[in-house]
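User: I'm new to reading protein structures and the labels confuse me. Could you go through some of them with me?

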Amino acid sequence: QVQVAESGGGSVQPGESLRLSCDTSGFTKTYDAVGWIRMAPGKERETVACISNGGSRLYYVDSVKGRFTFSRDDDNKIIYLQMNSLKPEDTAIYYCATDRACGTIAIWGTWGRGTQVTVSS
């Protein structure tokens, strides 16, 4: 049973913002890579943002660069995804996840329960 629950999702209009949160202490094991994955109907799962290598490497998918910001509170093991200037194509279920590497986190990672983000006018 997945113990990690994301929060902060919702329904917004294009151009608005949301901030997702995830308490990663619920993962049985947290690996070096921690990040956010999204799945939308009819689309392949996608790694949105991911940090690895002890925090020295931060990845964003091209479609969110300049709009989304990944951050984390190491003391409380919480990660965040600040999403600004949201677009309809950002509509998806967003999951926090952990894996040994960002390159495989969307395939082999351990995921949370997910939170729905819907962007529509």
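Analyst: Sure, let's take the labels one at a time and set each against its definition. This is a predicted model, where local features need pLDDT of at least 70, side-chain atom pairs count only at pLDDT 80 or more, and totals for chains, interfaces and linings use all residues. Residues are numbered from 1 along each chain as its sequence is written, and side-chain values use heavy atoms, with hydrogens and water left out.

User: Okay! Why is Ser 21 called buried?

Analyst: Buried means under 20% relative accessible area, exposed means over 50%, and partly exposed is in between (1.4 Å probe, protein chains only). Ser 21 has 18%, so it counts as buried.

User: What does Ser 21 touch?

Analyst: Leaving out residues up to four places away in sequence, Ser 21 touches Ala 5, Glu 6, Ser 7, Trp 36, Ile 79 and Tyr 80. Contact here means heavy atoms within 4.5 Å.

User: How do you know that Cys 22 and Cys 96 form a disulfide?

Analyst: A disulfide is a pair of cysteine sulfur atoms within 2.5 Å. The S to S distance for Cys 22 and Cys 96 is 2.0 Å, so the pair fits. Cys 22 sits in strand β3 and Cys 96 in strand β9 (residues 92-99), 74 residues apart. Strands are DSSP runs (E, at least two residues) and helices are too (H or I, at least four), numbered from the N terminus.

User: And what makes Cys 50 and Cys 102 a disulfide?

Analyst: Their sulfur atoms are 2.0 Å apart, so the cut-off is met here as well. Cys 50 lies in strand β5 (residues 46-52) and Cys 102 in the loop between β9 and α1 (105-108), so the link ties together parts 52 residues apart in sequence.

User: Why is Cys 102 counted as buried?

Analyst: Cys 102 has 15% relative accessibility, so it gets the label. Cys 50 has 0%, so it is buried too.

User: Why is β9 described as largely enclosed?

Analyst: Seven of its eight residues are buried, so the rest of the structure largely encloses β9.

User: How do you know that β9 pairs with β10?

Analyst: Two strands pair if DSSP finds at least two bridges between them. β9 and strand β10 (residues 110-111) have two bridges, so they pair, running antiparallel. In this pairing, Ala 97 stands opposite Trp 111. β9 also pairs in the antiparallel sense with strand β4 (residues 33-39) over seven bridges, and there Ala 97 stands opposite Gly 35.
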